[in-house]
Amino acid sequence: MQYLGTQNHDHGETPRIGVLLVNLGTPDAPTRSALRRYLREFLSDPRVVEVPRLLWWCILNGVILNVRPSRSARAYRTVWTEAGSPLLVHTRDQARALQEALHKTHGERVVVDFAMRYGNPSIPSGLDALWRRGARQLLVLPLYPQYSGPTTASTFDAVAANFRHRRWLPELRFLNQYHDHPAYIGALADSVRAHWADHGRADQLLFSYHGEPQRYLDQGDPYHCQCLKTSRLVAGELGLSEGEYQSAFQSRFGREPWLQPYTDETLKGLPASGNRSVQVICPGFAADCLETLEEIAVENREVFLAAGGERFDYIPCLNAGRGHIEALRQIVDGQIADWLARPAPREGTRERARAMGAPN
Ligand SMILES: C=CC1=C(C)c2cc3[nH]c(cc4nc(cc5[nH]c(cc1n2)c(C)c5CCC(=O)O)C(CCC(=O)O)=C4C)c(C)c3C=C
Ligand SMILES: [Fe+2]
Ligand SMILES: [Fe+2]
């Protein structure tokens, strides 16, 4: 096998700690062709769609990639900004802000970059960039607070697949969830309190999470449990009682049962049970994206109002807000504490350089 030749020879530079933020990804443009490319990559991942490969290949190429790209492109156009896809813009801002925050405490020792599991910038390009900046210790931080196979494990697969082609691997740490981290829970609770301060309270606080097939839960995926725990902890911090909040799952795809209750059906039922106003928060998304800005803030608002609801507030994701960056900083610090506590490893660069034929 020919290994990747990205290993530069940094003679004598202090090795750094790299932090790679990873989110799901997004099409390069809100067009049918870009969506086709993006959805093909995304929906071909066996972690996302667990259906026998040959059967799935036929469904994907025969039906889905002919129908969905135009429909999704139309939806993406409604949320697209001058700077690009919201998910990409927020993730880039998060990486910059986190770099700044970590710089304050650790100086040049810690370098941050970001990547997307599907589309661009890719995970291989993020790993290359960090290696070139001197990262020989690497923390991969998937921006999914709750672990799930389709998101977290798939990110690990992509990192591992890239490592197969590298001769010299960094020391690796992979964060697989932070659904109950006090700083993350605190940041969510603060965002709700800030919303209440400006808009007052509603009858219900609805926590809406991206769904996945019920089958994945039945087969051991901890995602569902971690979502419910996040809700319970945030509600606890806000002093909400059982009847004042609930959790539901959105973004159903395909025909098999997904995690329930479904967000749209839950919203439809609220007015009849005396809840005329609702506030919706999506703690499973580290950044606003199509699934929050369009599916929740537009589509599901209509569902609720059509069912007799009177007031629907969408509480934005934490994005690159100060509370979120501080939470991520604490999460990262907890992960890299032991690396920081020992002196940066020496690489024997002079020996390497000599072995490669450099003059002394
Ligand atoms: C087909 C199965 C899917 C599973 C399982 C799934 C799990 C899952 N997804 C997220 C986070 C995001 N998903 C986003 C978009 C999106 N998700 C699916 C399908 C599955 N997701 C599709 C087909 C799409 C594309 C949009 C569409 O055509 O409807 C996004 C938004 C991306 C953006 O660009 O804005 C996020 C974020 C999680 C956390 C999750 C875990 C269970
Ligand atoms: Fe998804
Ligand atoms: Fe959706």
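**Helix packing and domain arrangement in a predicted model**

In this structure, helices α3 and α11 are oblique to each other, and I should say at the outset that the model is a predicted one. The verdict on α3 and α11 rests on an angle of about 50° between the two helices, whose axes are 10 Å apart. Helix α3 covers residues 86-106 and helix α11 residues 322-341. The crossing of α3 past α11 is right-handed. On the α3 side, the contact is formed by Gln94, Ala97, Leu98, Ala101, Leu102 and His106, and on the α11 side by Ile325, Leu328, Arg329, Val332 and Leu340. Sorted by class, the residues of this contact are 8 nonpolar, 2 polar and 1 charged.

Let me now step back to the protein as a whole. It contains 12 helices and 8 strands. The C-alpha trace extends over about 80 × 50 × 40 Å along the principal axes. How does the radius of gyration relate to that of a compact globule? For 360 residues, a compact globule would be expected near 21 Å, and the protein, at 22 Å, agrees with that.

Next, the domains. Domain 1 consists of 16-178 + 322-341, while domain 2 consists of 182-315. Residues 322-341 are helix α11, and this segment is assigned to domain 1. Between the C-alpha centres of domain 1 and domain 2 the distance is 24 Å. The contact between the domains draws 25 residues from domain 1 and 22 residues from domain 2. Which elements give two or more residues to the side of domain 1 that touches domain 2? They are α2 (53-79), α3, α5 (149-163) and α11. Of these, α11 provides the largest share, with 6 residues. This side of domain 1 comprises 12 nonpolar, 12 polar and 1 charged residues. Helices α3 and α11 thus appear twice in this account: they pack against each other, and both contribute to the side of domain 1 that touches domain 2.

I turn to a second helix pair, α1 and α2. Helix α1, residues 32-43, crosses α2 at roughly 130°, and the axes come within 8 Å. That angle makes α1 oblique to α2. The crossing here is right-handed. From α1, the residues in contact are Arg32, Leu35, Arg36, Leu39, Arg40 and Leu43. From α2, they are Leu60, Ile64, Leu65, Arg68, Pro69, Ser70, Ser72 and Ala73. The contact of α1 with α2 contains 8 nonpolar, 2 polar and 4 charged residues. The arginines on the list are Arg32, Arg36 and Arg40 of α1 and Arg68 of α2.

The third pair, α6 and α8, lies within the bounds of domain 2. Helix α6 spans residues 182-199 and helix α8 residues 223-238; they pack at about 55°, with axes 9 Å apart. This makes α6 oblique to α8. Helix α6 passes α8 in a right-handed crossing. Ile185, Gly186, Leu188, Ala189 and Val192 of α6 meet Leu233, Val234, Glu237 and Leu238 of α8. The classes in this contact are 7 nonpolar, 1 polar and 1 charged.

To close, I return to the three pairs. The angles are about 50° for α3 with α11, roughly 130° for α1 with α2, and about 55° for α6 with α8. The crossings are right-handed for α3 with α11, for α1 with α2 and for α6 with α8.

Definitions and conventions
Residues numbered from 1 in each chain as written. Chains lettered and ligands numbered in written order. Predicted model: local features only at pLDDT ≥ 70, side-chain atom pairs only at ≥ 80, totals over all residues. Axes fitted to C-alpha atoms, helices over the stretch in contact; angles between N-to-C directions. Helix = DSSP H or I, 4+ residues; strand = E, 2+ residues; numbered from the N terminus. Parallel < 35°, antiparallel > 145°, perpendicular 65-115°, else oblique. Left-handed = near helix turned anticlockwise from the far one by under 90°. Contact = placed C-beta atoms within 7 Å. Nonpolar A, V, L, I, M, F, W, Y, C, P; charged D, E, K, R; others polar. Domains from an automatic or database assignment. Rg over C-alpha atoms; globule rule 2.2 N^0.38 Å.
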